[in-house]
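Visitor: I have the sequence and the model open side by side. Could you teach me how to read its features, one at a time?

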Amino acid sequence: QVEIGPNGFLDTKPTSLQFCRDVGLGERLIQASDAAATNRYLFLGDRLRLLPNSFGAFLGTDLISWRGKLSLLLERFRKLRRAGCDESIDAFTRRRAGKEAAQVFADALVTGIYAGDPALLSLPACFPRLAELERDYGSVLKGLSKIAQLRRAEAAAKGQTYERPSKMWSVRDGLRGLSESLASALKHAPYYGVAVRGIQANGASGLPRWSVVGEGNERWSADAVVLTCPAHQQSGILADLDAELSQRIGQIPYNRIAVVAFGFRKQDVPMPLDGFGFIAPQRLRRDLLGVQWCSSIYPGRAPDGAVLLRALCGGWHRAEMVGWDDARLVESLRAELRLAMQITAAPIYQKIIRWDRAIPQYQLGHLDRVAWIERRLERHPGLFLGGNAYRGVALNDCTEQGAVLAERVATLVTSPRHKQGTPS
């Protein structure tokens, strides 16, 4: 069972779990294994090396030198940066924690989430929580420590044991269950499944605000329009309505990623798959971004006696790989698996998925662009934009934004002025 998109979601925000329950998937939720939650590896120096998962492991790791460790620990005492201008993830990490932490840990984090370049991506846009911790507590480490103390105290007051958050979840039959369950609830709605080519504003008073233009001769009226498709599709839909808004949205860059799933006989994989998988930091420019050990993360992903691996390649700096033919792509990834995991046997299963526009890249200036887009939307009451192009690329971010958008749409269509047929 191969996921062609996200592999799961964290419970750091409640909206995704609640969404699953709202669409009837509560009993089909599954949790990632303890090993997957604890053990993650880096592919450095042509071998896999465990990322430290505790303070003791951090002190003992050889991923960075003692000087690098000391620089990271001294983050608590570094001066605040002047607010007001954007900063890349790489620059932030170098300033707060040092060069080695930036090259190893920040690069790995960015590769694993964005498959992008930490020197180009905006920290406040990609990781707003880190910017908030520095602003509110004067230090990321100090802020994390304070928050953990508060949570322990809250748990103790309730007579509970404090447990670290961030458990990973999926659905027994795969994350397609989310979209399919939601679609099942909507399939009897008019125009369900019709592609949208554009929207037009209705100028006459007393009419619904919008006219939606679908494929063929389909056309219908709407009080509100919500677009949550990728930025380039939003740009195309809005081109005739507002050319400048369309252009700004279309400027949000995306990377290209190929996902190649491999099935192997368990006996042909020499090493124990005791974790989530591994990441090859993008600065190395390898033929591989990382590999997820899918059958070790969730149950039921491969038949008995077999394992399922999901290799990802391409990204911001190796986009050309997505255009390689199947044979070249598979052979390059098998060579990496031989080196990293000593797998020499041929796979018994493989599947290739290519994403020409995979993950939006929140590069420097992204929040300014989003602020401009939001101001421009004031000219178009009843038009709402969401999805992962603006304020978070993860599934959790999308479900959280979806809840906010739903409330805003409900507020609009239930307002007294709207019911009277006048602009609101």
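Visitor: How do the residues lining the second largest cavity divide by class?

Guide: Happy to start there, and please keep in mind that this is a predicted model. The lining of the second largest cavity has three nonpolar, two polar and three charged residues. You can select them as Q1, V2, E3, N7, C294, R301, L308 and R310. The space they surround is about 30 Å³.

Visitor: How many cavities of 30 Å³ or more does a search of the whole structure find?

Guide: Two. A cavity is a space where a 1.4 Å probe fits but cannot get out. The largest cavity holds about 90 Å³. Its lining comprises 14 residues, and those nearest its centre are Q282, R286, L289, G314 and R318. Sorted by class, the lining of the largest cavity gives six nonpolar, five polar and three charged residues.

Visitor: Now for pockets. What is the volume of the second largest pocket?

Guide: A pocket, unlike a cavity, is an open set of points. The volume of the second largest pocket is about 430 Å³. It is lined by 20 residues, and R81, A83, G84, C85 and P124 are the closest to its centre.

Visitor: Which helices each supply at least two residues of that pocket's lining?

Guide: Look at helix 5 (89–97), helix 7 (123–126), helix 8 (128–137) and helix 15 (366–377). Helix 8 gives the largest share, with five residues. As for chemistry, the lining of the second largest pocket includes nine nonpolar, two polar and nine charged residues.

Visitor: Helix 15 makes me curious. Is I373, which is found in helix 15, buried or exposed?

Guide: The cut-off to remember is that buried means under 20% relative accessible area. I373 has a relative accessible area of 2%, so this residue is buried. For a sense of distance, compare sequence with space: I373 and Q103 are 270 residues apart along the chain, and their C-alpha atoms are separated by 33 Å.

Visitor: What lies over the face of W372?

Guide: That is R248, at 4.2 Å from the ring centre. Here the idea is to look for a charged side chain sitting over an aromatic ring. Another case to display is R328, which lies over the face of W324 at 3.7 Å from the ring centre.

Visitor: And rings with rings? How many aromatic pairs are counted?

Guide: Two rings pair if their centres lie within 6.5 Å. By that rule there are seven aromatic pairs. Take Y114 and F127: their ring centres are 5.9 Å apart and their planes meet at 85°, so this pair is edge-to-face.

Visitor: Where do Y114 and F127 lie?

Guide: Y114 is in the loop between helix 6 (99–113) and helix 7, while F127 is in the loop between helix 7 and helix 8, so their pairing ties together parts 13 residues apart in sequence. Both Y114 and F127 are buried. For a group of rings, show Y41, F43, F278 and W293, which form one aromatic cluster.

Visitor: Let's turn to cysteines. How many disulfides does the structure hold?

Guide: The general idea is simple: a disulfide is a covalent bond between the sulfur atoms of two cysteines. In this structure the number is zero. For C126, the nearest cysteine sulfur is that of C398, 14 Å away. For C398, the nearest cysteine sulfur belongs to C229, at 12 Å. The cut-off for a disulfide is 2.5 Å between the sulfur atoms.

Visitor: Are C126 and C398 buried or exposed?

Guide: C126 counts as buried because its relative accessibility is 8%. C398, with a relative accessible area of 31%, is partly exposed.

Visitor: One last exercise, please. Where is L175 placed, and where does L182 lie?

Guide: L175 is in the loop between strand 5 (168–171) and helix 10 (176–186), and L182 lies in helix 10. L175 counts as buried at 8% relative accessibility, whereas L182 is partly exposed at 35%. As a distance check, L175 and L120 are 55 residues apart in sequence and 30 Å apart in space, C-alpha to C-alpha. For L182 and S296, 114 residues apart along the chain, the C-alpha separation is 28 Å.

Technical notes: Residues numbered from 1 in each chain as written. Predicted model: local features only at pLDDT ≥ 70, side-chain atom pairs only at ≥ 80, totals over all residues. Heavy atoms only, no water. 1 Å grid on protein atoms, 1.4 Å probe; cavity = no way out; pocket = protein on both sides within 12 Å on 5 of 7 lines; lining within 4 Å. Points joined across faces, edges and corners; volume = space filled by probe spheres on them. Helix = DSSP H or I, 4+ residues; strand = E, 2+ residues; numbered from the N terminus. Nonpolar A, V, L, I, M, F, W, Y, C, P; charged D, E, K, R; others polar. Buried < 20%, exposed > 50% of the residue type's maximum accessible area, 1.4 Å probe, protein only. Phe/Tyr/Trp six-rings, centres within 6.5 Å; stacked < 30°, edge-to-face > 60°. Lys NZ or Arg CZ within 6 Å of the ring centre and 35° of its normal.
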